[in-house]
Amino acid sequence: MPLFRSSARPGYSSAVDSDPRRVFARKLVKEIDVIFADGPCVVRTKEGTVHVRSGDPIITGIAGEHWRVSRAHFSAKYRPVPPTVAGEAGHYVSLPNRIMCVPMSEPFEVLLADGVSRLRGGAGDWLVDYGDGSFGVVSPAIFAVTYEITGRL
């Protein structure tokens, strides 16, 4: 099973960039709910168990799904919706960031930048490269309402 390792370094992965199926997409602006972990914990997602550090944001998406974003990357991806204050629990809006992604035709795994958390994707899922050294696995249904494809470049 192919394994994609998050690098934790800015820039897109050469493994994704060189895949002939890869496309660019933009995250749609959507409102989400955020809490901040008050200590180490785990978030269990459909794709796997993700380890959370104290202070990391835990997001609830539009379909009720949960995921973690590292505190270091959060402000580049989300903005508070008033009266929510940045860094506090509440409503945030996703920013229209550009991603590179591949529709996968076989099962695959992603090792997150923490070196411990692993996600599993299946045929039809999207391997998402956020351009900040992190990867994600997104189901086709969530991808369809979260991103718009902008080109194949």
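What volume does the largest pocket have? It comes to about 1,000 Å³, where a pocket is an open set of points on a 1 Å grid over the protein atoms alone, fitting a 1.4 Å probe and with protein on both sides within 12 Å along at least five of seven lines. The volume is the space filled by probe spheres set on those points, which are joined across faces, edges and corners. Keep in mind that this is a predicted model, where local features need pLDDT of at least 70 and side-chain atom pairs count only at pLDDT 80 or more, while totals for chains, interfaces and linings use all residues. Residues are numbered from 1 along each chain as its sequence is written, and side-chain values use heavy atoms, with hydrogens and water left out.

Forty is the number to hold on to for the walls: the largest pocket is lined by 40 residues, a lining residue being one with an atom within 4 Å of a point. W67, R68, V69, Y130 and F135 lie nearest the centre. The elements that each supply at least two lining residues include β7 (66-68), β14 (135-138) and α3 (140-146); helices (H or I, at least four residues) and strands (E, at least two) are DSSP runs numbered from the N terminus. The largest share, five residues, comes from α2.

Now look at D125, in the loop between β12 (118-121) and β13 (126-129). D125 is buried (under 20% relative accessible area with a 1.4 Å probe, protein chains only; exposed is over 50%, partly exposed in between). Yet D125 has no salt bridge, and the nearest side chain of opposite charge, K46, is 4.6 Å away. That misses the cut-off, because a salt bridge needs a side-chain nitrogen of Lys or Arg within 4 Å of a carboxyl oxygen of Asp or Glu. What D125 does have is a polar side-chain atom 2.8 Å from the backbone nitrogen of G122. Beyond its neighbours within four places in sequence, the contacts of D125 (heavy atoms within 4.5 Å) include F108, V137 and P140.

Elsewhere charges do pair up, with six salt bridges in the whole structure. R21 and D19 meet at 2.7 Å, N to O; R21 is partly exposed at 31%, whereas D19 is buried at 16%. E148 and R26 meet at 3.1 Å, and this pair links distant parts of the chain, strands β15 and β2, 122 residues apart. E109 and R118 come within 2.9 Å, and shared partners join E109, R118 and R120 into one network.

Terms used
Lys and Arg count as positive and Asp and Glu as negative; His and the chain ends are not counted. A polar contact is a pair of N or O atoms within 3.5 Å; within protein, one must be able to donate a hydrogen and the other to accept it, and residues adjacent in sequence count only if both atoms are side-chain atoms.
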